[in-house]
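Visitor: I would like a close look at a single part of this model. Please keep it brisk, and follow the contacts outward from there.

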Amino acid sequence: MTGFKKAFPRHSVELRLSDLNVLLKTIFSGKIFKGKESKKFKEKFGNYIGEKYVCLVQSCRLGLYLSLKAFNLKKGDEVILPVYTHYSLPIIVKLCFLKPIFVDVEEDTGNINPDLIEEKISNKTRAVLISHLNGVPCRMKKIMEICDKNGLKLLEDCAQSLGAEYEGEKVGTFGTVGCFSLRVGKALTGFGGGVIITGDKEISENISAWIDELPMINILSLCKEIIYGIISFLLTRPLIFTFTLFPFFQILETLKSGLIDGLTEENVSTKCNSSFIKDISYQMANIQAGVALNQLNKVDFWNQKRFENAQILAHFLQQTKGLLLYKPGRKKEYKEVSYHYPLRLKDETRVFLFRKYLLKEGIDIKIDDLLDLSRCDFLNNVKGFFPKVKALEKNVLQIPNSPVLKKKDMEEICYRIIHICNILFG
Ligand SMILES: Cc1ncc(COP(=O)(O)O)c(C=O)c1O
């Protein structure tokens, strides 16, 4: 076929026929909201991660909120967290009436820099909240040492790192509590949802009691999530993407750079709004747990494919001018899952131009929307200097590495990136 150029979407949503089968079976059984799948999923997830108690909620952020609440801290106590992570984290800390204290991150991974934690500990510090970003675990040895030495609770945000390991232990098992996201597009989805894991019986009982008080997700929101998930799955198959979303994205980019972000991305808010928690406070439905249970069988395979694809990118692009590469699998104590392949430009002022050129070449990339959280609207003049976050904010580009992409697709992506780099930075 002459003139045909396959396009590659930024992310993929992975669903299989067996997931749709689970959906249909659960609908016909009438056990959409309550049923045995939730219990089975809890058991299997607990075994997979290696933790005793598992609770299900409607999102990771609700999980993080309930976990912090379960720490039973006093108003004004301090929680240490990375200055570069999901925007919801400092909001959650504030809504628990606690004080967020930021620590700068490591430039290569974007994860909290453990070497900078101790200088932020005061007599009010009670907990550390960390995010394992892009499927790469934080440096847990040092973090655990600090928490143990100072009697701090540890909360792990594992929304981007399901299945990642540090020294043979899965992330989520190091802290007092670990939270995971089952949002559409994550390593494993339940058409939305979140999982809380802990080895602490009392904490799990408290959290379970709070969850029991919550309303169930309503049928309309559930249908919306399922339809959104199925449409996203279809549109992120490279061939379908090539003939549907991709031409549309090209038109948007021609009209105005950045229009795509407005349409495709979550509305990132840095406002501490009291309805923030109320709006996400729902139980997870049995049908969601059923799909997640089925997906759990495939998550290691998909993670491995993503990791291999990330290695191809790192290998082929290593000599390319203008790029700062992440090299997956460098450290033997880590098992990374390469949830996203993060690429940075040496000259961050050319990020939007780079994206525009790549889109012309058929590669849709997302500019990571993680922010310098010390600038949140509701935090008045956060003290401190966070030089590394400046190097990352708006300069982490998520390159396609989804499990449906084959070796030759990855090589094709690399050739096109190299071509653009030769034009822009040659
Ligand atoms: C690092 C990180 N933490 C937390 C969250 C929140 O997850 P959820 O959307 O399930 O609340 C996300 C979501 O993308 C995330 O990437």
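How many of the 8 residues of helix H4 (residues 88-95) are buried? Take that helix as the starting point, then move on to its surroundings and to other parts of the chain.

Guide: A caution before the details: this is a predicted model. Helix H4 covers residues 88-95 and is mostly covered, with 6 of its 8 residues buried. Those buried residues are Ser88, Leu89, Pro90, Ile91, Ile92 and Val93. Just after H4 comes Phe97, and its phi is positive, near 65°. In general, most residues other than glycine have a negative phi.

Now the partner of H4. Two packed helices are described by the angle between their axes and the distance between the axes. Helix H3 (residues 60-70) packs with H4 at about 35°. The two axes are 10 Å apart. The crossing of H3 and H4 is right-handed. From H3, the contact takes in Arg61, Leu64, Tyr65 and Leu68. From H4, it takes in Ser88, Leu89, Ile92, Val93 and Leu95. By type, the residues of this contact divide into 7 nonpolar, 1 polar and 1 charged. Four residues on the H4 side, Ser88, Leu89, Ile92 and Val93, also appear among the buried residues of H4.

H3 leads on to another helix. Ile207 is found in helix H6 (residues 201-213). Ile207 touches Leu66, Ser67 and Ala70, and H3 spans residues 60-70. Leaving out residues up to four places away in sequence, Ile207 also touches Cys55 and Ile196. Why does Ile207 count as buried? It has 22 other C-beta atoms within 10 Å, and the cut-off for a buried residue is 20 or more. For a long view, pair Ile207 with Asp368: they are 161 residues apart in sequence and 31 Å apart in space, C-alpha to C-alpha.

Next, a second helix pair. Helix H2 (residues 36-49) and helix H12 (residues 286-296) have axes that come within 8 Å. These axes cross at roughly 35°. The crossing of H2 and H12 is left-handed, whereas that of H3 and H4 is right-handed. On the H2 side, the contact uses Glu37, Ser38, Lys40, Phe41, Lys44, Phe45 and Tyr48. On the H12 side, it uses Asn286, Ala289, Gly290, Ala292, Leu293 and Leu296. The residues of the H2 contact with H12 divide into 7 nonpolar, 3 polar and 3 charged.

H2 itself has 14 residues. From first C-alpha to last it reaches 20 Å, close to the 20 Å expected at 1.5 Å a residue. Its buried residues are Glu37, Ser38, Phe41, Phe45 and Ile49. They lie on the same side of H2, because they cover an arc of only 95° around the axis. On the other side of H2, Lys36, Glu43 and Asn47 are exposed. The buried residues of H2 pack against several elements: helix H1 (17-29), strand S1 (53-57), strand S8 (169-170), strand S10 (194-198) and H12. After H2 comes Gly50, with a positive phi near 95°.

S8 points to a loop. Glu167 is found between strand S7 (165-166) and S8. Glu167 is not a glycine, yet its phi is positive, near 45°. Glu167 is exposed, with 12 other C-beta atoms within 10 Å. Asn381 is another non-glycine residue with a positive phi, about 45°. Its loop runs between strand S15 (371-372) and helix H15 (387-392). Asn381 counts as exposed because it has 6 C-beta neighbours inside 10 Å.

Two further residues complete the tour. Arg139 is found in the loop between strand S5 (125-131) and helix H5 (140-150). With 19 C-beta neighbours inside 10 Å, Arg139 counts as partly exposed. The C-alpha atoms of Arg139 and Leu56 are separated by 27 Å, at 83 residues apart along the chain. Ile423 lies in helix H16 (residues 407-425). Ile423 counts as exposed, with 10 C-beta neighbours inside 10 Å. Its C-alpha is 39 Å from that of Ile130, 293 residues apart along the chain.

Notes:
Residues are numbered from 1 along each chain as its sequence is written. This is a predicted model: local features need pLDDT of at least 70, side-chain atom pairs count only at pLDDT 80 or more; totals for chains, interfaces and linings use all residues. Axes are lines fitted to C-alpha atoms, for helices over the stretch in contact, and angles run from 0 to 180 degrees between N-to-C directions. Helices (H or I, at least four residues) and strands (E, at least two) are DSSP runs, numbered from the N terminus. A crossing is left-handed if the near helix is turned anticlockwise from the far one by less than a right angle, and right-handed if clockwise. Two residues are in contact if their C-beta atoms, placed from the backbone, lie within 7 Å. Ala, Val, Leu, Ile, Met, Phe, Trp, Tyr, Cys and Pro count as nonpolar, Asp, Glu, Lys and Arg as charged, and the others, Gly among them, as polar. The expected span of a helix is 1.5 Å times one less than its number of residues. The arc is that of the directions from the helix axis to the C-beta atoms.
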